Amino acid sequence: MGSVPSADGVKRTRRDQILDAAAELFARHGFHGVGIDDIGAAVGISGPALYRHFKSKDAMLGEMLTSISERLLEGGLARVEESADATSALQALVRWHVDFALDDPALITVQMRNLANLTDPDRRRVRALQRRYVEVWVSTLRETVPVDEPTARAAAHAVFGLINSTPHSAHLDREQMAALLSRMALASLTTAGVLAVTTAV
């Protein structure tokens with residue numbers, strides 16, 4: 001199977017091209033609003049020709065969401081490992097997730113909206129990868145600020161929600177939006193007292 005260089009010089013296989021096109025269509029029209037012929041037309045082949053690359057539209061979505069989750073986990077682990085301390089690791093995690101959301105908004109949208117459309121085996125695999133990614137954030141956050149585990153986990157999910165909203169709220173240019181999101185995320189996680197849990201009397 002041949003490959004085609006992308007704008008950044010990275011070679012993209014036909015499977016990659018199909019997944020990219022499918023992600024854009026799924027994000028725009030929803031999984032059930034896109035047919036196999038629509039995806040084929042987007043990459044210049046017939047709908048049935050897609051079956052040489054994927055056995056079904058469900059398989060396409062499964063590979064897409066599994067790949068997203070694997071990339072996030074692997075990238076997060078790498079940035080923590082490369083950081084000198086927990087504070088630097090948290091900053092790197094925030095930058096990593098912000099960059100991913102800004103550079104792959106269609107994938108973020110598909111991930112947020114289509115977990116329920118996965119087959120059961122794919123859903124279990126994606127959820128397991130997502131849980132591992134969350135735990136990278138939880139452990140790094142707890143090394144950075146004094147916070148209990150449930151609060152750290154809730155905070156991580158809240159920050160994901162903030163960052164993942166960018167496909168709907170990117171009103172600034174790429175660098176300005178990245179800087180704004182990074183500042184907001186880090187402030188919400190590290191400002192003194194923000195993550196303190198208070199008990200009502």
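In the predicted model, Asn114 has a relative accessibility of 3% and therefore counts as buried, the cut-off for burial being under 20% relative accessible area. This residue sits in the loop between H5 and H6. Its side chain is joined to that of Asn117 by a polar contact of 2.9 Å. When residues up to four places away in sequence are set aside, Asn114 touches Phe31, Leu61, Leu65 and Thr109.

One of these partners, Leu61, is placed in helix H3. Leu61 counts as buried because its relative accessibility is 0%. Beyond its neighbours within four places in sequence, Leu61 is in contact with both Asn114 and Asn117, and also with Phe26, Phe31, Val110 and Leu118. The two asparagines that share the side-chain polar contact are thus both among the contacts of Leu61. Between Leu61 and Leu129, which are 68 residues apart along the chain, the C-alpha separation is 16 Å.

Phe26, a further contact of Leu61, is among the residues with the most contacts inside the largest nonpolar core. That core has 60 residues, and Ile39, Met60, Met64, Trp137 and Leu141 are likewise listed among its most connected members. At least two core residues are supplied by each of helices H1 (14-29), H2 (36-42), H3 (57-82), H4 (86-103), H5 (105-113), H6 (120-144), H7 (149-164) and H9 (174-190). Residues up to four places away in sequence again being excluded, Phe26 touches Phe31, Val34, Ile39, Lys57, Leu61, Met64 and Val110. Phe31 is touched by Phe26, by Asn114 and by Leu61, while Val110 is in contact with Phe26 and with Leu61.

An unreviewed UniProt entry annotates residues 35-54 as a "DNA-binding region". Within this span the helix content is 35% and the strand content 0%. The C-alpha atoms at its two ends lie 14 Å apart. Helix H2 (36-42), one of the contributors to the largest nonpolar core, falls within the annotated residues 35-54.

At the level of the whole chain, the secondary structure comprises nine helices and two strands, in the order β-β-α-α-α-α-α-α-α-α-α from the N terminus. The C-alpha trace spans about 60 × 35 × 30 Å along its principal axes. Of the 201 residues, 41% are buried. Among contacts with a separation of 6 or more, 63% link residues 24 or more positions apart. The chain exposes about 10700 Å², of which carbon and sulfur atoms supply 53%.

Key:
Residues are numbered from 1 along each chain as its sequence is written. This is a predicted model: local features need pLDDT of at least 70, side-chain atom pairs count only at pLDDT 80 or more; totals for chains, interfaces and linings use all residues. Side-chain values use heavy atoms; hydrogens and water are left out. A nonpolar core is a set of buried Ala, Val, Leu, Ile, Met, Phe, Trp, Tyr and Cys residues joined through side-chain atoms within 4.5 Å. Buried means under 20% relative accessible area, exposed over 50%, partly exposed in between (1.4 Å probe, protein chains only). Helices (H or I, at least four residues) and strands (E, at least two) are DSSP runs, numbered from the N terminus. Contact means heavy atoms within 4.5 Å. UniProt positions are given in the numbering used here, feature names are shortened, and annotations may be inferred rather than shown by experiment. A polar contact is a pair of N or O atoms within 3.5 Å; within protein, one must be able to donate a hydrogen and the other to accept it, and residues adjacent in sequence count only if both atoms are side-chain atoms. Accessible areas come from the Shrake-Rupley method with a 1.4 Å probe; for residues, only the protein chains shown count as cover.
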